[in-house]
Amino acid sequence: MVAVTGATGTIGSAVVHALLDRGESVVVLSRDPDRARERLGTGVDARLWADPKADPAPADALSGCDGVVHLLGEPVAQRWNEAAKREIRDSRVLGTRQLVEGLRAADPRPRVLVSQSASGFYGPRGEEPVDEGASPARGDFLADVVVAWEDEASRAEELGMRVALTRTGVVLAPGGGALEKMLPPFKMGVGGPVAGGRQYVPWVHVDDVVGAILFALDTDAASGPFNVAAPEPVTNRDLSKALGRVLRRPAFMPVPAPALRLLYGEMATIVTTGVRMLPGRLQELGYRWKRPDLEDALRAATGR
């Protein structure tokens with residue numbers, strides 16, 4: 001039996017269905033259990049976690065589970081103001097702290113926690129290849145959030161649990177993820193590289209996000225941080241060209257950085273800069289990618 005938080009999001013719903021498909025019992029912790037059941041189907045046991053930032057996760061829902069997949073967090077892809085930044089941080093840091101408090105009271109306690117993290121840990125790195133041994137960026141808002149987020153999740157190790165931290169890159173998924181914002185201009189024929197297009201994009205198809213999470217659940221040697229990205233990161237320019245080919249639309253209209261900053265404010269930094277993140281630990285432990293080819297991943301994500 002596996003407990004899942006953040007289960008109604010793009011990644012969470014895919015994880016839940018993958019777990020159900022392989023015969024697992026799934027407990028979903030949700031602020032709205034009725035909505036979770038409606039979204040995920042009657043095969044899940046949806047339990048109330050009314051205020052993840054203030055209340056410990058329900059120990060009775062966690063007791064007896066084999067593992068926990070923790071995906072809860074306010075979307076990053078929005079215009080950042082002080083209120084939005086506070087919610088982005090608190091939903092992750094406080095939510096994870098309260099999850100660990102619930103785990104502390106669980107009996108019997110799950111053996112493993114797979115806690116979502118993000119490539120934002122590394123900050124802008126230019127062309128430098130980055131694996132899990134790299135240090136976090138300092139003074140970068142998102143990197144600081146990720147460091148605090150991971151610190152809270154790692155406290156579950158004090159409870160005797162194995163903890164895997166999935167530092168996920170730019171997710172390509174049907175109906176969500178990065179493509180949700182990329183597709184409209186491309187479909188109108190005005191898509192193209194962003195801010196010069198030289199920045200690297202640590203892309204990954206949602207099938208491999210789910211695959212990596214289940215791999216981390218199942219693999220006893222999987223602990224600590226894992227970069228969840230395709231083996232070959234590409235530049236924003238190459239991603240734009242590939243998406244244009246898949247959609248059979250032009251992909252040469254540049255999107256200047258000032259336009260993005262006007263639209264998204266400080267958040268634009270994560271689009272106009274990049275990181276050449278490599279999935280060293282997944283490769284080391286023998287994970288086999290489902291969609292390592294960019295065009296194949298884009299076709300699967302767009303239905304083309």
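What follows is a conversation about a predicted model of one protein chain.

Colleague: What makes the size of the protein chain agree with that of a compact globule?

Modeller: The comparison uses the radius of gyration. For 304 residues, a compact globule would have a value near 19 Å, and the protein chain has 19 Å, so the two agree. Along its principal axes, the C-alpha trace spans about 55 × 40 × 40 Å.

Colleague: How many of the residues are buried, as a percentage?

Modeller: Buried means under 20% relative accessible area. Of the 304 residues, 55% are buried. The accessible surface of the chain comes to about 13100 Å², and carbon and sulfur atoms hold 49% of that surface.

Colleague: Which helices and strands should I look for, and how many are there?

Modeller: The chain has twelve helices and 14 strands. Seven of the strands form an open sheet, in the order β3-β2-β1-β4-β5-β7-β12, with parallel pairing.

Colleague: Why are β3 and β12 called edge strands?

Modeller: Strands pair if there are at least two bridges between them. β3 (44-48) and β12 (224-228) each pair on one side only, and they are the edge strands of this sheet. From one strand to the next, the twist averages 20°.

Colleague: How do you know that β1 and β4 are paired?

Modeller: At least two bridges are needed for a pair. Four bridges join β1 (residues 2-5) to β4 (residues 67-70), and these strands run parallel. Therefore β1 and β4 count as a pair. To find the place on screen, look for Val2, which stands opposite Gly67 in β4.

Colleague: What makes β7 largely enclosed?

Modeller: Seven of the seven residues of β7 are buried, so the rest of the structure largely encloses this strand. In a regular strand, side chains alternate between the two faces of the sheet. On one side of β7 the buried residues are Arg162, Ala164, Thr166 and Thr168; on the other side they are Val163, Leu165 and Arg167. Both faces are covered.

Colleague: Which strands are joined to β7 by bridges?

Modeller: Seven bridges join β5 to β7, and the two run parallel. Gln116 stands opposite Thr166 in β7. Five bridges join β7 to β12, again in parallel, and Thr168 stands opposite Val228 in β12.

Colleague: Which helix packs on the sheet and touches β7?

Modeller: Helix α7 (residues 206-218) does, and it also touches β1, β4, β5 (112-118) and β12. The direction of α7 makes about 165° with that of β7 (162-168).

Colleague: Where else does α7 pack?

Modeller: Three strands form another open sheet, in the order β9-β8-β11, and their pairing is mixed. The edge strands there are β9 (176-177) and β11 (203-205). Two bridges join β8 (residues 170-173) to β9, and these strands run antiparallel. Leu172 stands opposite Gly177 in β9. α7 packs on this sheet too, touching β8 and β11, and its direction makes about 80° with that of β11.

Colleague: How do you know that the buried residues of α2 line one face of the helix?

Modeller: The buried residues are Pro33, Ala36 and Leu40. Seen down the axis of α2, they fall within an arc of 55°, so they line one face. They pack against α1 (10-21), β2 and β3. On the other side of α2, Asp34 and Glu38 are exposed. Helix α2 (residues 33-40) lies across β2 (26-30) and β3, running at about 160° to β3.

Colleague: Why is Arg97 called partly exposed?

Modeller: Buried is under 20% and exposed is over 50%, with partly exposed in between. Arg97 has a relative accessible area of 35%, so it is partly exposed. This residue is found in helix α4. Leaving aside neighbours within four places in sequence, Arg97 is in contact with Glu152 and Arg155.

Colleague: Which peptide bond is cis, and where is it?

Modeller: The bond from Asp107 to Pro108 is cis, with omega near -5°. Most peptide bonds are trans. Pro108 has its place in the loop between α4 (82-105) and β5.

How values were computed. Residues numbered from 1 in each chain as written. Predicted model: local features only at pLDDT ≥ 70, side-chain atom pairs only at ≥ 80, totals over all residues. Heavy atoms only, no water. Axes fitted to C-alpha atoms, helices over the stretch in contact; angles between N-to-C directions. Contact = heavy atoms within 4.5 Å. Rg over C-alpha atoms; globule rule 2.2 N^0.38 Å. Buried < 20%, exposed > 50% of the residue type's maximum accessible area, 1.4 Å probe, protein only. Areas by Shrake-Rupley, 256 points an atom, 1.4 Å probe, with all protein chains shown as cover. Arc of directions from axis to C-beta.
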